[in-house]
Amino acid sequence: MVLPALPRRYHAASIWALYALGLVPAVWTFYLGATGQLIGNPVKIFEHLLGIWALRFLILTLAIAPLRDLAGINWVRYRRALGLLAFWYVAMHFLTYMVLDKRLAFDVIVEDITKRWFITIGMAALVMLIPLALTSNSWSIRRLGTGWGKLHRLIYAVAAAGALHFCLAVKVVGPEQLIYAGLVAVLIGWRLVRHRFMQRRRARRLAEVGS
Ligand code: HEM
């Protein structure tokens with residue numbers, strides 16, 4: 001499959017469009033909740049939506065590499081925006097939990113984070129995301145050198161923790177949780193075998209050129 005390439009002059013605009021589009025679910029649902037148009041428990045609905053979109057953006061961030069390796073689609077320029085969107089969604093999810101759900105009852109929040117496993121795991125994911133968000137700029141990439149790549153591998157642990165948190169947050173693990181957890185598992189699996197797969201493919205291509 002050959003996708004038409006976006007002219008270079010539109011690259012920056014397309015990244016900004018992604019940021020704007022990515023925030024639409026949060027802004028729209030917040031608006032519906034604030035104007036009384038969400039049926040049921042608006043806080044829970046908003047909290048759930050933010051968590052789900054956080055996981056979606058994490059998965060999309062991880063999908064950029066296999067998309068390029070296996071399908072030849074190079075969307076690496078969108079990876080930073082996707083990762084940052086994931087971070088903003090987790091941060092909003094956390095804020096909604098603290099402010100709207102628990103109404104800043106810090107004793108309850110601390111007890112939740114230390115005693116309820118699924119919240120401890122979610123919190124660990126947020127803590128791991130913070131250094132990634134802080135170093136997602138060109139200055140940090142230059143400054144950290146090869147250490148930057150090593151640090152940013154943490155994104156796989158964040159996604160694994162996010163998926164586990166989602167599975168443990170519900171009473172019964174259903175198809176939705178299994179799909180998200182399965183996607184994260186496949187993407188982590190790809191990262192583990194990627195190096196060997198690419199080496200073999202390169203060797204095969206060299207052999208074909210040589211013969
Ligand atoms: C990478 C980080 C995170 C991801 C991807 C994530 C994702 C999700 C998802 C998808 C749900 C929906 C479960 C459901 O209601 O069906 C959820 C629920 C929940 N999350 Fe997170 N979460 C993350 C971090 C956190 C953090 C840092 C906290 C708070 C310390 C938190 C607190 C909660 C709570 C309390 C619920 C249950 C809401 C309810 O009662 O329905 N999460 N999360």
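Reader: Glad to look at this one with you. How many helices and how many strands does the protein have?

Author: There are ten helices and zero strands in the protein, and the model we are reading is a predicted one. Read from the N terminus, the elements go α-α-α-α-α-α-α-α-α-α. Along the principal axes, the C-alpha atoms fill a box of roughly 70 × 40 × 40 Å.

Reader: What share of the residues in the protein is buried?

Author: Of the 211 residues, 37% are buried. Contacts add to that picture: among those with a separation of 6 or more, 67% join residues 24 or more positions apart.

Reader: Let's turn to the ligand. Which residues come nearest to it?

Author: The ligand has 22 residues around it, and Lys44, His48, His93, Gly122 and His165 come nearest. Sorted by class, this shell holds 14 nonpolar, six polar and two charged residues.

Reader: Which polar side-chain atoms should I check there, for example in histidine 93?

Author: In histidine 93, a polar side-chain atom lies 2.8 Å from a ligand nitrogen. Histidine 165 also has a polar side-chain atom 2.8 Å from a nitrogen atom of the ligand. For histidine 48, the partner is an oxygen atom of the ligand, 3.0 Å from an N or O atom of the side chain. Two or more shell residues come from each of α3 (42–71), α4 (79–101), α6 (117–134) and α9 (154–169). The most come from α3, which gives seven.

Reader: Which protein atoms are donors of the iron atom of the ligand?

Author: They are NE2 of His93 and NE2 of His165, lying 2.0 Å from the iron.

Reader: Why is the arrangement around the iron atom octahedral?

Author: Look at the angles. Six donor atoms surround the iron atom of the ligand, and the arrangement is octahedral because they subtend angles of 87 to 179°. For six donors, that label needs opposite ones over 155 degrees apart and all others between 65 and 115. Histidine 93 sits in helix α4 and histidine 165 in helix α9, so the pair ties together parts 72 residues apart in sequence.

Reader: Is histidine 165 buried or exposed?

Author: Buried means under 20% relative accessible area, and histidine 165 has 18%, so it is buried.

Reader: Could we try the same reading on threonine 29? Where is it found?

Author: Threonine 29 is in helix α2, residues 24–34. Its relative accessible area is 8%, so threonine 29 is buried. A polar atom of its side chain lies 2.6 Å from the backbone oxygen of proline 25. Leaving aside residues up to four places away in sequence, threonine 29 touches Leu38, Phe46 and Leu49.

Technical notes. Residues numbered from 1 in each chain as written. Predicted model: local features only at pLDDT ≥ 70, side-chain atom pairs only at ≥ 80, totals over all residues. Heavy atoms only, no water. Near = heavy atom within 4 Å. Polar contact = N/O pair within 3.5 Å; in protein donor to acceptor, adjacent residues only side chain to side chain. Helix = DSSP H or I, 4+ residues; strand = E, 2+ residues; numbered from the N terminus. Nonpolar A, V, L, I, M, F, W, Y, C, P; charged D, E, K, R; others polar. Donors = N, O, S within 2.8 Å, 3.2 Å for Na, K, Ca; no water. Tetrahedral: all angles 85-135°; square planar, octahedral: opposite > 155°, others 65-115°. Buried < 20%, exposed > 50% of the residue type's maximum accessible area, 1.4 Å probe, protein only. Contact = heavy atoms within 4.5 Å.
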